[in-house]
There are 2 protein chains.
Amino acid sequence: RTYQGAPTGTDLECKGWRQEAAFRMLNNNLDPEVAEDPENLVVYGGTGRAARSWDAYDAILDELRELGDEETLLVQSGKPVGRFQTHERAPRVLIANSNLVGQWDDWEQFHELEAKGLIMYGQMTAGSWAYIGTQGIIQGTYETLAEVGRQHFPEQEGLRGTITVTAGLGGMSGAQPLAVTMNEGVCIAAEVDEERIDRRLETGYCMEKTDAVDEAIAMAEEAAREGEPRSIAVHVNAAKLFDAMRDRGFVPDVVTDQTAAHDELEGYYPAGYTVAEADALREDDPEAYVEESLDTMRRHVEGILAMQDAGAVAFEYGNNIRGQVNAHRNLEDAFDFPGFVPAYVRPLFCRGKGPFRWVALSGDEADIHRTDEAIRELFPEKAHLHRWIDLAQERVQFQGLPSRVCWLGYQAGDDPDGLTERARFALRINDLVAEGDISAPIVVTRDHLDAGSVASPNRETEAMKDGSDAIADWPILNALVNCAAGADIVSVHDGGGVGIGNSIHTNNHVVLDGTELAAEKARRVFTTDPGMGVLRHADAGYEDALEEAAQSDVHVPMEDQ
Amino acid sequence: RTYQGAPTGTDLECKGWRQEAAFRMLNNNLDPEVAEDPENLVVYGGTGRAARSWDAYDAILDELRELGDEETLLVQSGKPVGRFQTHERAPRVLIANSNLVGQWDDWEQFHELEAKGLIMYGQMTAGSWAYIGTQGIIQGTYETLAEVGRQHFPEQEGLRGTITVTAGLGGMSGAQPLAVTMNEGVCIAAEVDEERIDRRLETGYCMEKTDAVDEAIAMAEEAAREGEPRSIAVHVNAAKLFDAMRDRGFVPDVVTDQTAAHDELEGYYPAGYTVAEADALREDDPEAYVEESLDTMRRHVEGILAMQDAGAVAFEYGNNIRGQVNAHRNLEDAFDFPGFVPAYVRPLFCRGKGPFRWVALSGDEADIHRTDEAIRELFPEKAHLHRWIDLAQERVQFQGLPSRVCWLGYQAGDDPDGLTERARFALRINDLVAEGDISAPIVVTRDHLDAGSVASPNRETEAMKDGSDAIADWPILNALVNCAAGADIVSVHDGGGVGIGNSIHTNNHVVLDGTELAAEKARRVFTTDPGMGVLRHADAGYEDALEEAAQSDVHVPMEDQ
Ligand SMILES: NC(=O)c1ccc[n+]([C@@H]2O[C@H](COP(=O)([O-])OP(=O)(O)OC[C@H]3O[C@@H](n4cnc5c(N)ncnc54)[C@H](O)[C@@H]3O)[C@@H](O)[C@H]2O)c1
Ligand SMILES: NC(=O)c1ccc[n+]([C@@H]2O[C@H](COP(=O)([O-])OP(=O)(O)OC[C@H]3O[C@@H](n4cnc5c(N)ncnc54)[C@H](O)[C@@H]3O)[C@@H](O)[C@H]2O)c1
């Protein structure tokens, strides 16, 4: 089956824009420009699907075509299972994907049920029809590094004048040098595979390359001194790079790593081998490969820890290199440097900030450019948002329906009407649609990795202050309250990036079609949704969240307990 | 802390009846007449609580007092955590209790988090403020036996003229003889403990007692011949009763068992000992006790199987006696007789039927009697419902706020307006409240054990036709769609009767205050909620559900797949 992507323009296949938005978003998820393997309905992230089967896909589209403005469609793991009378202010589509009863909540049970055709892996944004391609990754990295700047170099503009050392220039990790330079900083990135380096240079994700560590350091120091953004790929193993820096007494400002260390056989390269040699070793003697690989990882982590001891800011970037070395090489102090969520993303979550995103249902790029302008107009004082919008316009290619990611939060304190950042933006866009400045409705959604939407003890809720990492009441309340507030699509998923049984998370969509109804929904949902982020972190005792609640007038029932 | 139960009458502590209903139901749950241990906030079922702590309880009441008609309160494991602007048609309270991420979803993690004060065990109706005392148990047993009658003795009125043999006259099991005679049948119940027998005789749950099996059989056969309801307790071990019946060539119509066989040490008595002797053995040599107990259980199950072979209808009544004998005595054919849910309750679930219940917020018993009349008026042809209402009036004592349980379902096929049984009833009650025939609003809710509200592979979803026992998408969709439909309270719980990690289930309340808004909510919720039961079972391939969908015009999207 070949597949064409979302319909565009202003002719509707459905009875209204709310239903049409669901129709187009599902199809956009399966756009060959967007999806990894659309023929198999796989959008991204292993087997993250948008529908359970092509029959189920067809049936969903039929249901959406017939769905009335006061009806709600139910989708169970990518299959439509019911349609009920509700009301205009209620959601049009409710989705539950991959959820299992706790004692059965593992890959084995999941695969058995999947083989019977009873369940589907929804990943995060795949099964909720909210995936928009790779721009989410760049912006997540950009925002994480921006927070590093705010926390450790508050006098600087972003990371200007600082040097960040990392490794890995692959699929996701390749976003790092661009994200550093977008934050005005200097990046040295070790990568063993020269082809990968060349790909990043070609696509503008990285500026320079060298084989010589000395040259890389010299270039970086010069750029940092001059306050110029610069990114330099070094063709070397990460462990060796850190050793070389230690020998030279060079200490960067920030160290991290995004080699695919979570997989010691397929994702990480041992030192002392060229890529070709290592690939041959992997083929010939995988056990020896794994031993070498873990030995290098240990050296690599020791390098990071040494840099941290010497004054660098260090964090793990979600690749589990700490866990690997701790478990397989008995390095007790591997966890002496923090994971990126507790260190940098959680302070944003405390203020309800997360990867908010929107899509132009028209298919017209001009509509997204108009929304970019709206961000600038609405938040004239928020230089950080402007920088991101400028950079995104300049450097991020559209895939499928034109769309934009922009981390917005609660932060109602600075608005005279007490509206949240997300609500202010959505209401402005809704007006622009009403006025015809934007040619068709905009649908607003977000990543499942958001402030108040996820329980995931290995990632988003790692090391919560009060130890509440595993409590899943929170995402369930998030889904319920967004449903009550009138989001047009609400979804609840098990699994996602960390796998079945390791997280519960939710999503929602609101369609801005220029009507008063859309304004009402937007005002409520974009208060409840980031509001859950503030409340969840306030309940866990985070000062930032309590401060945000006070500044933004969020009611915290038992605040003094 | 002493505790007084729910306020009654028509003066409100809250801003409206929807909030007041939540306020009174929470307090009713903790009425000393209703709750097992109100001082510790424990309502029933181990540690099933209504609020996390007395501070949280006070804070919930404060929140409810202040809650506006367009606001929604969020409760996380018995603690209020937020309050948001929503709208009139949305729920007033959203509750999530005891939910954990799958890989952490066990008692150990739960108890750790409970000790930190971060989570609460909500059981089923405790944490959702819907427990109404013991009448739920009687009616569940009554309905199960009614379904036994419908399936196996369709020519009879209920169980009239049939003999049911069971064992156990304890806390819950003691409801069996009454439930049999309520269904017009004859019951012989073995019980080793004469004190227990006497208690059932005193409270009218059982009619006669004897030490002699011959006498019991003779009395039962005579009553059955004459079509008279009769219940006879036999002071004998269950295993011995079955042996004696086999010796005499007596085969009853129905056999089951509700001794507490799930616990071989504390719940089950070995044959060959008086109660006093067995209690002494348990004390002196618990290991010997267990061996004797399991040996008796084996004999007991062999007795049931023999009766089944000889033509009796046999089923297990949720005490795991099959599992015990299968696991510890290697009896391979222990599972040759079915569990009660797949056998008798599931056919009801297929038609959206389950333990619907309502409570008179006035505190006035006359209001419940008026609702009883309404059932008779609305369903003049449903003799089964009439019988239950008559019996309940006669024999069920009120506890706390007056209330009634009555299994109602979807079954819209026989209504000219296509309304479900539940909706027809609720709309009629709402009218009676509007007209002043009922003195204050009625709140309608149900058990979490309901047609479309639970995933529980060891009980409610045991042995589903398609193998979908463990899929939890269904209860999540149930909660979301009831929220969309405007239920006034919506709750999602992990655990309940089968323990943490073994089930996910939901509840909802709708307040019938005589307004058009209440009518709208009732019409929708009492379609979506039983409708989920029909859809869930239709999706699993049950003929009854597909037939119900066809008769009642329930849209099943991929019916022909
Ligand atoms: N939010 C998050 O949690 C998050 C986000 C992005 C990536 N990640 C993690 O980051 C890792 C990388 O993801 P990816 O998609 O870029 O993987 P990838 O396999 O595409 O890229 C990894 C790169 O690292 C290089 N590499 C491996 N070992 C090396 C070594 N010792 N020295 C130098 N270079 C080495 C490889 O050649 C490859 O180019 C994964 O573990 C992923 O799970 C996590
Ligand atoms: N819906 C359900 O799944 C459901 C409902 C009700 C009860 N149950 C199960 O039913 C069982 C009984 O519950 P309960 O609350 O009545 O327990 P209980 O302990 O109060 O009563 C059990 C009774 O059985 C008697 N007994 C024990 N062994 C006997 C024997 N060999 N012969 C004769 N009598 C014997 C005891 O003396 C006692 O009176 C439990 O296992 C419970 O889990 C399940």
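Let's start right at ligand 1, where a polar side-chain atom of A:Glu191 lies 2.6 Å from an oxygen atom of the ligand. Please keep in mind, as we go, that this is a predicted model. A:Arg196 also has a polar side-chain atom by an oxygen atom of ligand 1, at 3.2 Å. And A:Asn237 brings a polar side-chain atom to 3.2 Å from a nitrogen atom of ligand 1. How much of the ligand does the protein bury? On its own, ligand 1 exposes 860 Å², and the protein buries 86% of that.

Now widen the view a little. Ligand 1 is surrounded by 25 residues, and A:Glu191, which we just met, is among the closest, together with A:Gly171, A:Ser173, A:His262 and A:Tyr269. If you sort this shell by chemistry, you get 10 nonpolar residues, 11 polar ones and four charged ones.

Let's hop over to chain B and ligand 2. Here 26 residues surround the ligand, and the closest are B:Gly171, B:Ser173, B:Glu191, B:His262 and B:Tyr269. Which atoms meet here? In the side chain of B:His262, an N or O atom is 2.6 Å from an oxygen atom of ligand 2. The backbone joins in as well: a polar backbone atom of B:Tyr269 is 2.9 Å from a nitrogen atom of ligand 2, and a backbone N or O atom of B:Val192 lies 3.5 Å from a nitrogen atom of that ligand. Ligand 2, taken alone, exposes 860 Å², of which the protein buries 86%. Its shell divides into 11 nonpolar, 11 polar and four charged residues.

Okay, let's step back and look at chain A as a whole. You can count 18 helices and 17 strands in it. Along the principal axes, its C-alpha atoms fill a box of roughly 70 × 55 × 50 Å. Why can we compare chain A with a compact globule? Because a compact globule of 561 residues would have a radius of gyration near 24 Å, and chain A has 23 Å, which agrees.

What share of the chain is buried? Of the 561 residues in chain A, 68% are buried. The accessible surface of the chain comes to about 18,400 Å², with 42% of it belonging to carbon and sulfur atoms. There is also a nice point about the contacts: among those in chain A with a separation of 6 or more, 69% are between residues 24 or more positions apart.

To make that concrete, let's visit one residue, A:Asn508. You will find A:Asn508 in strand E17, which covers residues 504-512 of chain A. Is A:Asn508 buried or exposed? A:Asn508 has a relative accessible area of 0%, so this residue is buried. Its side chain makes a polar contact with the side chain of A:Asp529, at 3.0 Å. Beyond its neighbours within four places in sequence, A:Asn508 is in contact with several other residues, including A:Val444, A:Arg446, A:Asn482, A:Ile489 and A:Phe526.

For a contrast, let's finish in chain B with B:Ala550. B:Ala550 sits in helix H18, residues 543-552 of chain B. With a relative accessible area of 59%, B:Ala550 counts as exposed, because exposed means over 50%. And where does the fold bring this residue? B:Ala550 and B:Gly413 are 137 residues apart in sequence, yet their C-alpha atoms are 8.6 Å apart in space.

Terms used
Residues are numbered from 1 along each chain as its sequence is written. Chains are lettered from A and ligands numbered from 1 in the order in which they are written. This is a predicted model: local features need pLDDT of at least 70, side-chain atom pairs count only at pLDDT 80 or more; totals for chains, interfaces and linings use all residues. Side-chain values use heavy atoms; hydrogens and water are left out. A residue is near a molecule or strand if one of its heavy atoms lies within 4 Å of it. A polar contact is a pair of N or O atoms within 3.5 Å; within protein, one must be able to donate a hydrogen and the other to accept it, and residues adjacent in sequence count only if both atoms are side-chain atoms. Accessible areas come from the Shrake-Rupley method with a 1.4 Å probe; for residues, only the protein chains shown count as cover. Ala, Val, Leu, Ile, Met, Phe, Trp, Tyr, Cys and Pro count as nonpolar, Asp, Glu, Lys and Arg as charged, and the others, Gly among them, as polar. Helices (H or I, at least four residues) and strands (E, at least two) are DSSP runs, numbered from the N terminus. The radius of gyration is taken over C-alpha atoms; the globule rule is 2.2 Å times the number of residues to the power 0.38. Buried means under 20% relative accessible area, exposed over 50%, partly exposed in between (1.4 Å probe, protein chains only). Contact means heavy atoms within 4.5 Å.
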